[in-house]
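Biologist: I've got this two-chain model open next to its sequence, and I'd love a close look at one part of it. Could you pick a spot, go through it slowly, and then show me how other parts look when read in that way?

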Amino acid sequence: MSVRTEEMVLNMGPQHPSTHGVLRLELTLDGEIITKVVPHIGYLHRCFEKHCEVMSYPQVIPYTDRMDYLAAMGNELGYVIGVEKLLRIQVPERVEYIRVIMAELQRIASHLVAIGTYGADIGAFTPFLYCFRDRERILNLFEITCGARLLYNYIWVGGLSHDLHPDFVRLTKEFIKEFKPNLRELNNLLTYNKIFIDRTANVGILPLETAINFGVTGPMLRASGLKWDLRKDDTYSVYNKFDFDIPIGEGKMGTVGDSWDRYYVRVLEMEESLKIIEQAIETLPDGDVTSAIPKKIKPPVGHVYSRVENPRGELGYFIISDGSTSPFRVKVRAPSFVNLQIMDELCRGHLVADVIAILGSVDIVLGEVDR
Amino acid sequence: MKSFEEIVEILKNYFSDTSIEPKSDVKFEPYIIIPPQEIDKVCLFLRDNSELYFDSLVNLSAVDDFNGQKIKDEQGNEIMQGGTMSVYYHLESIKYRHKLLLRVITERDNPVVNSVTSVWNSSNWHEREAFDLFGIKFLNHPDLRRILMPYDWEFGYPLRKDYQNPEFYQGMKVPY
């Protein structure tokens, strides 16, 4: 006797805690095996690019914060570098150093959220609390610098809104000193946890060729085994003055490019960011952080593509100027938007429970996917 | 690593009967203008040529050039007739570390461009976004649907410069 079988369509999201925001995944299932994933996005769409066209160049900066709200400093940095390229402004060295310190602190804070929520997604709740405890201290550092904890409007065209607080250097050094043992603790608790490895190793393997063809960047690309980091390979700001490594996936627990590798690259990147912050704080030059801020921002006609290495990958701004005080067109190449495309490729042939493990390792922020 | 002039030279030699128009007198980033019906062939060549090897499409952005004739419609709104739309392609070779900017210019009233999804999968969502917000049709695209706007949106393309908000959407007043 033959049993009639048919494929089933299952909706995951948009209101589902493990989709990290409002994302709907349309899963086609054969039994419990996934045959197709169709992501539906756009629930947070607010047309940032249209807003830009009616605002002046500095007014755009607070809006960039709201794209990848876990890495707002990086968003500001990318946009500001683009406008400075159009204006051909040379920024004081102290400003560049502070920008690097902020971007790296932000990278640690963002990776802590990625790692913490990843653990929580697949059942480990304690590391989540540990990660948020440490992230809280970074947010306190941002708060004494510019008054805001999440959306800063701190990095301005040609400078910064405030100089550092007198206590900033001391508090950052204290944070680094206390964060290092915490990171070891996190490794013992989550990274080398047997259950965690079973859930993530050999799940969602991303071969390098596929990753490049799909335009995947950031920790995901590095986990697939390519040493590619814009901080080194297309250097910006003052990153060429610091000594740091680019961790790549080695397939320690399974295959190169699996979910565990993507997770572990983020852990290693936090250590490298600490190295950069330590060096930058030691050699922080003196100077005025507001001296180079232009009174009137009116770039010449032209177009420029500026890009930075954000925690999630390459964040690019394609800015076209028509010679007026507001941009003619701003196109954002959001790393999460491009990385999310790969879901179908990664999930096919896995179980429903693995979708959560894979989506967590892709680490998306829907504010940036939908813009 | 190849310079912009060398890349133009290689392209001109291979595509002798296609118009390859380099623009290097611009202030910041020089680019090459390619006809919209040839872009997929040119991109395939750029990816597979052993000297160029542009294996990664970094960004694809559509732009409303807004250079046609301004006229008034029945309601007195200013709309644009004629003119062009552009699509910019930022390419990069991870192996050789060189970059290239291509530009395709198409008619604003009937924008049609060949899709490059068969060359780089990363262009899939970028092209859907350009279709969604600008109304550019990409020929041979495997899945050309709206992506950011609602699937039932029928009030035009928001990022066009002469876009007008509808008064109502599903019974809700739009400028609330």
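Modeller: Let's start at A:Ser324, which sits in the loop between strand E9 (313-321) and strand E10 (329-333) of chain A. Keep in mind that this is a predicted model. Is A:Ser324 buried, exposed or something in between? A:Ser324 has a relative accessible area of 26%, and because buried means under 20% and exposed means over 50%, this serine counts as partly exposed. Setting aside neighbours within four places in sequence, A:Ser324 is in contact with A:Tyr57, A:Lys298 and A:Pro299. To get a feel for distance, compare A:Arg348: 24 residues separate A:Ser324 and A:Arg348 along the chain, and their C-alpha atoms are 49 Å from each other.

Now try another serine. A:Ser336 belongs to helix H12 (residues 335-340) of chain A. Its relative accessible area is 0%, so A:Ser336 is buried. What does A:Ser336 touch, once residues up to four places away in sequence are left out? The answer is A:Arg312, A:Asp363, A:Ile364, A:Val365, A:Glu368 and A:Val369.

While we're in loops, have a look at A:Asn202. You'll find A:Asn202 in the loop between helix H7 (194-200) and helix H8 (208-213) of chain A. Its phi is near 65 degrees, which is a positive value in a residue other than glycine. A:Asn202 is partly exposed, at 41% relative accessible area. Chain B has a residue to put beside it: phi of B:Tyr53 is near 55 degrees, again positive and again not in a glycine. B:Tyr53 is in the loop between H2 and strand E3 (56-64) of chain B, and its relative accessible area of 30% makes B:Tyr53 partly exposed.

Back in chain A, go to A:Pro127 in helix H5 (residues 126-146). With a relative accessible area of 4%, A:Pro127 is buried. Beyond residues up to four places away in sequence, A:Pro127 touches A:Leu186, A:Leu189 and A:Leu190. For scale, A:Thr35 is 92 residues from A:Pro127 along the chain, with 32 Å between the two C-alpha atoms.

A:Leu190 is worth following, as it is also one of the H6(A) residues that meet H11(A). Helix H6 (residues 168-191) and helix H11 (residues 259-282) of chain A have axes that come within 11 Å and cross at roughly 160 degrees. Angles over 145 count as roughly antiparallel, so that is how H6(A) and H11(A) run relative to each other. Their crossing is left-handed. On the H6(A) side, the residues in the contact include A:Ile176, A:Phe179, A:Leu183 and A:Asn187. On the H11(A) side, A:Trp260, A:Tyr263, A:Val267 and A:Glu271 are among them. Sorted by class, the residues of this contact come to 13 nonpolar, 3 polar and 5 charged.

Chain B has a helix pair to set beside that one. Helix H1 (residues 4-14) and helix H2 (residues 39-48) of chain B pack at an angle of about 120 degrees, with axes 12 Å apart. That angle makes H1(B) oblique to H2(B). The crossing here is right-handed. H1(B) contributes B:Ile10, B:Leu11 and B:Tyr14, while H2(B) contributes B:Val42, B:Phe45 and B:Leu46. In this contact of H1(B) with H2(B) there are 6 nonpolar residues, with no polar and no charged ones.

Stepping back to chain B as a whole, you get 3 helices and 11 strands, in the order α-β-β-α-β-β-β-β-β-β-α-β-β-β along the sequence. Its C-alpha trace spans about 55 × 30 × 30 Å along the principal axes. Of its 176 residues, 52% count as buried. Among contacts in chain B with a separation of 6 or more, 54% come from residues 24 or more positions apart.

Last stop, the cysteines. How many disulfides are there over all chains? A search of the whole structure finds 0. Why does A:Cys47 have no bond? The closest cysteine sulfur is in A:Cys52, and at 9.5 Å that is too far, because a disulfide needs the sulfur atoms within 2.5 Å. A:Cys47 is buried, with 13% relative accessible area, and A:Cys347 counts as buried at 1%.

Methods: Residues numbered from 1 in each chain as written. Chains lettered and ligands numbered in written order. Predicted model: local features only at pLDDT ≥ 70, side-chain atom pairs only at ≥ 80, totals over all residues. Heavy atoms only, no water. Helix = DSSP H or I, 4+ residues; strand = E, 2+ residues; numbered from the N terminus. Buried < 20%, exposed > 50% of the residue type's maximum accessible area, 1.4 Å probe, protein only. Contact = heavy atoms within 4.5 Å. Axes fitted to C-alpha atoms, helices over the stretch in contact; angles between N-to-C directions. Parallel < 35°, antiparallel > 145°, perpendicular 65-115°, else oblique. Left-handed = near helix turned anticlockwise from the far one by under 90°. Nonpolar A, V, L, I, M, F, W, Y, C, P; charged D, E, K, R; others polar.
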